[in-house]
Amino acid sequence: MQQVSCAYCHQPIYGTVITALGTTWHSEHFLCAYCGKPIYEISFNTQDGRPYHSACYTAAIAPRCAYCGKPLTSEFLIDQWGTKFCKEHQGQYSQCDYCGRLLAPQQHEGGTPESIRCPVCRSTAIETTEEAQPLFKEGILWVSRQGLRYNQQRLSLELVDRGRLAQYLQTRGESDALGVAKSSIETLNGHVMRVIIDGIAVLHGLPASLFQSVTVHELGHVWLAVQGVHDLPTWAEEGFCELLSHRFDTDKNTPESLHHARNIERNPNSVYGEGYRRIRAIVDRHGFGRFIEGLSATKKLP
């Protein structure tokens with residue numbers, strides 16, 4: 001019979017043998033990686049291939065729930081931001097409207113908020129025009145670098161509450177959006193004579209990354225109006241604007257912007273989500289530059 005040796009001291013084992021972690025140990029040499037004392041219990045915990053007393057693991061090693069602080073010693077959940085939490089909180093707590101993080105009761109804003117915002121999104125919320133203008137200008141410059149020109153059109157921004165935004169959206173036949181391009185069309189005998197651009201309106205209080213994504217989307221609507229592209233089906237116009245947002249979010253390449261990009265990709269909505277995927281397929285075939293040139297010249301999809 002082959003003699004076994006201890007993984008700790010590398011000496012032969014003649015008495016009690018502990019078999020654990022794929023090897024063998026003297027009973028007094030199978031040690032907790034936290035307290036350094038022998039583990040005699042049948043049940044123990046491991047992390048990164050190292051053994052721990054269950055009590056030591058619970059007290060000092062186990063990850064903690066981000067919301068209640070309890071040690072996570074059994075099955076738990078991890079959200080897309082890497083936040084670990086108890087499974088039961090998934091049904092107990094509401095989600096941030098903007099990033100999907102859970103909000104424990106103590107994290108809710110006071111009063112009756114217009115939306116549910118987590119502390120992370122609240123920390124970058126755009127509440128004033130002064131805060132918005134640098135981000136708005138950055139969005140305009142980015143769109144211009146993509147080859148979209150506005151023919152020296154003056155582009156203005158208005159931050160609005162949900163009531164005001166709803167009024168603007170009603171004129172567009174929409175009800176659920178975070179921004180809107182304000183424009184009107186003058187016609188004569190059914191022919192478009194002039195497009196009047198009044199700028200864009202965006203809901204105040206959005207986290208900065210989402211504010212920029214929404215702004216770029218609405219700048220897409222403005223560009224189509226300036227270029228005289230009036231007859232695209234709704235899915236195509238919204239899909240084009242979502243494609244712009246997706247490209248911006250991807251270029252920005254922050255955890256928050258990539259979150260917004262993934263939401264665009266996965267959106268099940270038949271207009272916004274499916275529109276994005278259909279326009280994306282066309283752009284992938286033709287290239288973005290050629291797609292823009294063709295749309296501007298013919299006022300139609302390639």
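These exercises work through the fold, ring pairs, cysteines and one helix of a predicted model.

Residues are numbered from 1 along each chain as its sequence is written, and side-chain values use heavy atoms, without hydrogens or water. Because the model is predicted, local features need pLDDT of at least 70 and side-chain atom pairs count only at pLDDT 80 or more, while totals for chains, interfaces and linings use all residues.

**Exercise 1. Describe the overall build of the chain.**

Start with the secondary structure. The chain has 10 helices and 13 strands; these are DSSP runs, H or I of at least four residues for helices and E of at least two for strands, numbered from the N terminus. Next, take the radius of gyration, computed over C-alpha atoms. The value is 28 Å, well over the 19 Å of the globule rule for 302 residues, so the chain is more spread out than a compact globule. That rule is 2.2 Å times the number of residues to the power 0.38. The C-alpha trace spans about 100 × 50 × 30 Å along its principal axes. Finally, 41% of the 302 residues count as buried, where buried means under 20% relative accessible area, exposed over 50% and partly exposed in between (1.4 Å probe, protein chains only).

**Exercise 2. Characterise the pair F30 and F44.**

Begin with the search: the whole structure holds eight aromatic pairs. Rings of Phe, Tyr and Trp (its six-membered ring) pair if their centres lie within 6.5 Å; planes under 30 degrees apart are stacked, over 60 edge-to-face and the rest tilted. F30 and F44 are edge-to-face, with 5.2 Å centre to centre and 75° between the planes. Both lie in the loop between β2 (23–26) and β3 (45–47), 14 residues apart. Now check burial. F30 is buried at 2% relative accessibility. F44 is partly exposed at 25%. Ring pairs also bring in W25, giving a cluster of W25, F30 and F44.

**Exercise 3. Find charges placed over tryptophan rings.**

Apply the criterion: NZ of Lys or CZ of Arg within 6 Å of the ring centre and within 35 degrees of the ring normal. R101 lies over the face of W81, 4.1 Å from the ring centre. R278 has its charged end over the ring of W235, 3.6 Å from the centre.

**Exercise 4. Explain the state of C68 and C118.**

A disulfide needs two cysteine sulfur atoms within 2.5 Å. The whole structure has zero disulfides. For C68, the nearest cysteine sulfur belongs to C65, 3.6 Å away. C68 is partly exposed, at 33% relative accessibility. For C118, the closest cysteine sulfur is in C99, at 3.5 Å, which is too far for a bond. C118 is buried, at 1%.

**Exercise 5. Work out the two sides of helix α10.**

List the buried residues of α10 (residues 288–298): F288, F291, I292 and L295. Their arc around the axis is only 95°, so they lie on the same side of α10. The arc is that of the directions from the helix axis to the C-beta atoms. Turn to the face away from that side: R290, E293 and A297 are exposed there. Then find the partners. The buried residues pack against α6 (208–226), α7 (234–252) and α9 (272–286), with contact meaning heavy atoms within 4.5 Å. Last, K299 follows α10 and has a positive phi, near 65°.
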